[in-house]
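Trainee: Got a minute to go through this one with me? I'd like to start with the ligand.
Mentor: Sure, pull it up.
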Amino acid sequence: MIKLDNFSSFFVANWKLNGNFQFIDQFINNVSLPTDNSKCVVICPTSIHLDYMSKNKNGFHVGAQNVSEYAEGAFTGEISVHSLSDLNISFCIVGHSERRQIYREKDKGINLKSKRLIENNVIPIICIGETLEHKEKGITKEILEEQLMHSIPSSSSFENSIIAYEPIWAIGTGLTPTFEEIDETHCFIREYNEKFNKYKILYGGSVKASNAREITDLSNVDGALIGGASLKSEEFTKIIGD
Ligand code: PGA
């Protein structure tokens, strides 16, 4: 199993419902991995492309975008953690705000999914974040607290996990919190539970070449979760740096 402490920073590309075989070939040819191999670069293609990506990964790590809370059984259309393990997938995003908002996923299910992943040595990337309304009402910390409390499993073997803080109003909008706000929120997350000291905490939401360095250099930020900009080879190469 991958040990997160072996890496200094993490760059997770969330391709969402984009990409095909040709796109993957071009991406792998065009994006140069950093010479600094303490940087961990994870690509999360669609589930249909996980197998191809994992056979052609060429130094990239591979992650899924979702997993079922059930291990097996009559759950048509779901993806089991065992299928991810069969493909040697090491990471899986859970509780992305698009899953929470469009597919009505709740903290309890996200908790079960994360537990399922941890039990099977797949590293969960558990997403939390507030809406614009929450931010405007000044209740961001209460919302994050609620999500942290209920969506993160309290098992003993969960240190090797990742939390991604993604303000929903920053996703795909070009808007971001200030660097100070990002660092302060990450510090709040880390200090919320002493166990989170061992977690890696990534920031996501409109990360691009022009802000990636400053964000990932913040002292409480261990890396970035990147959506739109991860689909552009040149932009993504600049984000992961050399
Ligand atoms: P974005 O998406 O980088 O396009 O804002 C981030 C995400 O949804 O994880």
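Mentor: First a term: a polar contact is a pair of N or O atoms within 3.5 Å. This is a predicted model, where local features need pLDDT of at least 70 and side-chain atom pairs count only at pLDDT 80 or more, while totals for chains, interfaces and linings use all residues. Residues are numbered from 1 along each chain as its sequence is written, and side-chain values use heavy atoms, with hydrogens and water left out.
Trainee: OK, so how far is the polar side-chain atom of Lys16 from an oxygen atom of the ligand?
Mentor: 2.6 Å.
Trainee: And which polar backbone atoms sit 2.8 Å from a ligand oxygen?
Mentor: One belongs to Ser206, and another to Gly228.
Trainee: How much of the ligand does the protein bury?
Mentor: 95% of the 280 Å² that the ligand exposes when taken alone (Shrake-Rupley, 1.4 Å probe).
Trainee: Switching to pockets: what's the volume of the largest one?
Mentor: About 570 Å³. A pocket here is an open set of points on a 1 Å grid over the protein atoms alone, where a 1.4 Å probe fits, with protein on both sides within 12 Å along at least five of seven lines; lining residues have an atom within 4 Å of a point. A volume is the space filled by probe spheres set on the points.
Trainee: Which residues lie nearest its centre?
Mentor: Of the 25 lining the largest pocket, Leu17, Gln65, Asn66, Arg99 and Tyr103.
Trainee: And which pocket does the ligand take?
Mentor: The second largest, with more than half of the ligand's atoms within 2 Å of its grid points. That pocket's volume is about 230 Å³.

Definitions and conventions:
A polar contact is a pair of N or O atoms within 3.5 Å; within protein, one must be able to donate a hydrogen and the other to accept it, and residues adjacent in sequence count only if both atoms are side-chain atoms.
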